Every structure is written in structure tokens, then in C-alpha cells.
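Welcome! Below are a few short exercises, each followed by a solution that goes step by step. Please have a look at the structure, then try each task before reading on.

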Amino acid sequence: MIEADDLASAPDEISAAQWRQIVNGATDTAIISADERGLVTSWNTGASRILGWSEPEMLGKSLDRIFAADAGQAQLRKEMEDATAHGRGGGEEGWRLRKDGSRFWAVGELSPIREGGKIVGFVKILRDRTIQRKAEEMIREERHSLEVLNRAGSALALETDLQRLVQIVTDAGVELSGAEFGAFFYNLTNEAGESYMLYTLSGAPLEAFSKFPMPRNTEVFAPTFNGEGIVRSDDITKDPRYGKNAPRRGMPEGHLPVRSYLAVPVISRTGDVIGGLFFGHGKPGVFSERSERGLSGLAAEAAVAVDNVRLSQASHREIAERKRAQEALVELNATLEKQVIERTEQLKRNEEALRQSQKMEAVGQLTGGVAHDFNNLLQVIMGNLDTLQRNVPSDSAHLQRAVRHAMNGAQRAASLTQRLLAFSRRQPLDPKPIDVNVLVNGLSEMVHRTLGETIAVETVLGAGLWRVEADPNELEAAILNLAVNARDAMPNGGGLTLETGNAHIDEAYVAAHREVVAGQYVVISVTDTGVGMDRQTVAQAFEPFFTTKPVGKGTGLGLSQVYGFVKQSGGHVKIYSELGQGTTVKIYLPRLLGDSSDDTTPDETLNPEATQEETILVVEDDADVRAYSVDSLRELGYRVLEAHDGPAALRILDRQPRVDLLFTDVVLPGGMTGAQVAAQARAIRPSLKVLFTTGYARNSIIHHGRLDKGVQLIVKPFSFNELAAKVRDVMDQVEN
């Protein structure tokens, strides 16, 4: 460096004005002088252009303002100390500040100004290197992208496992794009030819997405899954295609936050869309055109690799299939006689299963044939006994006891008919969405009281239990039935365990149990520590009237009723037992898919009476049953009209100005069913309430074992209190 003393003695000296012109001529370089305290003494044109401050604004001001605010003074002090000690300070590249607060990349050094060997100030030379830095960064990024692509390409060329392959692609995509996380959703066809949507993640654990459903073809995802092109958004939450799909209208709760979004389709050489690469970042504006270019190249490499793996897998499958076929042919030739014997035994088992099915169907038809008339008889008997019970003087203990015994016998007969209907899968079910854990937990105390102190009852409730749709009353009855059977198997006491859990019945199990459908189920297990059953007893346990109990101790319809209810509900029931080791009965009920709310049951009030001259039309072909129903309703204060068949009922409706409720049997003479009468009656009077009654009705108001939606039914035989409560309940319903 030229010292100030040397400049003074040098020949051909230049003037201060000339020196000023030379300094200001360096417009691409900031040349700044400062005194020994770091205060600016001169500021050239280049400094004004690069830094933004004019010379008057900076004269007398500290030079530290061009450095970062938190380190300006310290950095300037260090450069001045280095310049004083070593003749030069600074020299490192770094960020500097302009007047407007923006940053730029610069390199500069500080040199001392001497007079007579004394430092009187400093000269700061500063050059803007922002453009060069961006170019260097771009070169580094391009080199890094090529390294990532080359590394991924080399790994993909050697990989033969599809899952590991797509993981390599996803990891490389995250590294290439600078995303926080990425995913590769792709279609996979298994050996059975079934197609599945699978995914792999990078930058986030699999659990982060396992609770969410697979992406659908929404407006955001469709271009990728359809192979239409790349989708890039600086802020996906502001994209016009975002948030249009119910029910979540965007990212579901708990989803990783995504603002920057980039998706690239992966298309095979045949033009088929293999899947899509999706990348996200929590900050907006992260992805650029360069990101698109890099991921397009990666998607192309991924498509080739996936195609190659699939071709390799197809080739291996073909070779394996040929090998299996050859081995099967050899085995067939070697074991043909054995297979003939096994096939014959299988045909015998199928024949036995067919006979069993026909036997059950015959019992069901017999039950259905007698249930209607038998329940009508029971209705007359129980109805009139009920009337006697309510009217026998309280001082006639002998008569009260006789009526009570008669009523108990009639109720046992009604229960027997109901069990036969349950076994034959012809009872009318009223299924509702059920939380099985809540039902079992509420039932456990009743089970404990029913079984007595010698039986220890334990309840084990499964976590995350799915919901089912079944008749809650019948399900409770089935569980109590199993608990009572378990108690009888433990005469000296023991333990009973009620357990719930989720289960999946696969195709292998279905192959051995043809009446079962594969899928997801909720299983209720009732396990005892009793005497157990041998194989022959287990095989016959569900047959009607089969029992191992002494004569008079059981009807043999308990387990058959459970069997019928479960089958009618679309489920499966299985017994596991060993002599001396106890028994487990498992009830499998299909998982309820979709959102459903539990139906609430209103509190019942006994014997609610009529109000405001309410009128009921009773349609019943059995004169005795009709007489009981009419008398009971009149006793409750209703105005009652009666008809013996459908045409007569419709004629009454034409004549009568007021009828509030149609109370009709389902099975009627005269060519019209109760359902047909109700339909025509409502065509005449749309606001008419309808209550059906039946002892047995198949495919009239009940389909697939379930009441039609909105149908109100009271099953014969019914009591006076049941009739009063049900009629009032239907009367008070608000029409939708």
C-alpha cells in the first residue's frame, strides 16, 4: 500500500479533485474512508450505489451500520484491530446491510491510513458479490441435484424390492426438493390380481398418516393421479382447487402442516400412471421451477425402475407358476387316489351340511307356520289373564295365585315360540348402532347377580373397539344366555370372563366355513372354567332341542337362539371347548362402517291414557284378539273403531272424520296385508299414525330379518302395559 508520506513526495502528484474523480469513477466498488474511531470521512459514488446512503447521510456516522445490527460494532472493531496489527482487516465474504434494510453478499477489506508512521484513519474497499454467489449456489445446487439423481439412479438399478425402491425415490425427492416431508402413493397388484393403493413416507413416521384414509381424486390430487402433469403451489391453502371436498374441506385435523405443495405423476413407459410423488413444506414459497425439473427427472427414473421391478416380478411369477403347475401335476399323479378319497369325504361333509341346512329351514318353516296362529291364541290367553290380574279382588289370594301361575305358563309358551323364531332367523330385529364395550360393561353387573356369588365374573374390554349394528335387546339376551349356560357348566363354582375385541376373518377361514363372509368383525367372547364339551357335543350344540341338561332343566333352545340371532345379524358364532378345560363361545358381529349415532330410547311410562278424544282403528281378523285389543284401548280412554280385514278398514276411514292411529295385524284375510292397508290408508290420510302387530310376519314389513325403516311394531303376545306404552309412544311421535 502507498503510504500518505510517500504520496506527498511522489513526482507528478495528482490533485485532491483528480483523486476524488478517480475514486468516484469506481462505481462498482464502495471506497470509504473513516477516522481512527470508525466514523466515515469520505463516501464514494460506488458506496452510494451499492449501499444506498448518500455521502452527506454517512459523513460522521459510524461504519458499523453496514454490518448486521447485532454484530456491527464488534465486527468493525475486529477489522480495525486486524488492520492496525497486520495492515489488513476483514477480507471474508458475508452478508452486509443496505439503507433499505435488505441484505447483499459482499467481500471487503479494511486498510490503515498513516501519516508520519501514525494511523490516522482507515480505507474500506467493498465489492458486491451477490450475483456471483447466486451463480455459485446454483452450480452447487445443480451439482448436488445431479449427485442425488445419480445416487438414486444407481440404487434403483440394483433394487428388486418394490417397497424399498419407492422408499429410495421418496427419500431422494425430499433431499432434492428441500421438502420437509414427502410421500409416494402408488398402485400395487398382488398375486391374486387385486389392486391396492399403498404409500411410503420420508421426513415423517408412517404413523403420521396411518389414521387418515387414502387420498381421493379431488381437484388437488386428480392431475397427479390422472397423469395430467405437475402441480406446484406456493401456498396450497390459497389454491382455488383446495378445500372443496366434504367432510374435512382440506387437511384433516392432525395432518402435518402443508403450505408449499409439489406433486409429480410417475408414468410408466406404457402411459399408465403408476402413482404420484407428493412433497410438502410448512412454509410457503419453498419449491421452484428447479424443484420441478429435478423431480421430473426423478419421477422418470422411478417409472423405469418400477416398470423393471414389475416385469421382473411378473417373470418370476410366471416361472414360479410353471414350477408349481409341474409340481402339482407330479403330485396329482402321485396322490390321485388320496385326493379321490378326500374329495369323497368332502362331498359327504357337504351333503351333511346341506341336510343340516334343510333341517334348519324345515324347522323355520314349521315355526313360521304355527307362530302366527299360536301367538294369536297366546294373545287371547295372556290378554285375558292380564285383565283378570288387574281385576281380581286383592282379598282373593287363591284366585290371584291361580292367575299368576297361568300367566307364567303362558309367558313360557310365548318365550318358547320366540326362541324357535330366533333359531329359524325369523324374529323381527330392530338393529341400532352399538358400542359393544358400553353394552357389555353395563351388562356385567347383571351377569354377576344372575350367576351368583360362586362364579367370579371378569370383564376385559378391548381398546379402540369398532361399532356394530345389531338389535341391542337381542344381543344382551344372547350374552345372558351364554352366561347362564356357563353357570350350569360350573356346578361347583368357577370363573366367567366377558371379553371384547376387534377381529379380522380372512379368506383362509372362510374357505373352511362357507357360511361366513370375510371382513372386519367385533368379537364378544364368553369363557368359563367349567366341565367343557367333547367334539360330538360341540358339533350338536347349536341344534334345536339338543341339551346335555337333565329333563326339565332346559328346552335345548338357548344356544340355538344365540345361533339364529347372530346369523340373522350377518355374523358368525364359534364354540371352542375341551373336556375339563372349560368352554369359550365367540360371537362375531360385522363392523359398522360409516358414522352413525346411537338411537336413544325414551323413558317408558306405564299405562299412559288417551287425550282429546283420540281415535284408533283396530284391524284384526281374529275375533278374540280383536276383542281384547279393543277392550284394552277403550279402558285406556281411546275412542276405538274395529274392522276384520283391510277393505272394511278402508271403508271406515272413508266414513270417519277422525282416525288418529291405525292399529293393524300384518297377516290379514281378504287379499290385503296390513302393510298394504297402511299404504292405502296413508294415501287417504297422510298424517295417519300406524302401529303393526304380528305373531309372525316374513317379508311384509320385515326384510332380511330387519324392520323396515320407520315401521312401528308390537309383537304378539303383548301385555296391557306394553300396548298402552307402545300406542302412546306412536301417538306422540312427531312426523318428519
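**Exercise 1.** Which residue in β24 does Thr694 stand opposite?

*Solution.* Before starting, note that the model is predicted, so local features need pLDDT of at least 70 and side-chain atom pairs count only at pLDDT 80 or more, while totals for chains, interfaces and linings use all residues. Residues are numbered from 1 along each chain as its sequence is written, and side-chain values use heavy atoms, with hydrogens and water left out.

Step 1: find the strands. Strands are DSSP runs of E with at least two residues, helices are runs of H or I with at least four, and both are numbered from the N terminus.
Step 2: strand β21 (residues 689-694) runs parallel to β24, and 3 bridges join them. Two strands count as paired if DSSP finds at least two bridges between them.
Step 3: the partner of Thr694 is Val715 in β24.

**Exercise 2.** Place β24 in its sheet and find the helix α17 that packs there.

*Solution.* Step 1: the open sheet has 5 strands with parallel pairing, in the order β19-β18-β20-β21-β24.
Step 2: β19 (639-643) and β24 are the edges; each has a single partner strand, so one side of each lacks a neighbour in the sheet.
Step 3: from one strand to the next, the twist averages 20°. Axes here are lines fitted to C-alpha atoms, for helices over the stretch in contact, and angles run from 0 to 180 degrees between N-to-C directions.
Step 4: helix α17 (residues 623-635) packs on this sheet and touches β18 (615-619), β19 and β20 (661-665), where contact means heavy atoms within 4.5 Å. The direction of α17 makes about 165° with that of β19.

**Exercise 3.** Describe the sheet that holds β1.

*Solution.* Step 1: its order is β2-β1-β5-β4-β3, an open sheet of 5 strands with antiparallel pairing.
Step 2: β2 (40-43) and β3 (89-97) are the edge strands, each pairing on one side only.
Step 3: on average, neighbouring strands are turned by 25° against each other, direction ignored.
Step 4: 10 bridges link β4 (residues 103-115) with the antiparallel β5 (residues 118-128), and Pro112 stands opposite Phe122 in β5.
Step 5: helix α5 (residues 72-86) packs on the sheet, touching β3, β4 and β5.

**Exercise 4.** Is the peptide bond from Lys716 to Pro717 cis or trans?

*Solution.* Step 1: locate Pro717 in the loop between β24 (713-715) and α20 (720-731).
Step 2: the bond is cis, with omega near -5°. For comparison, most peptide bonds are trans.
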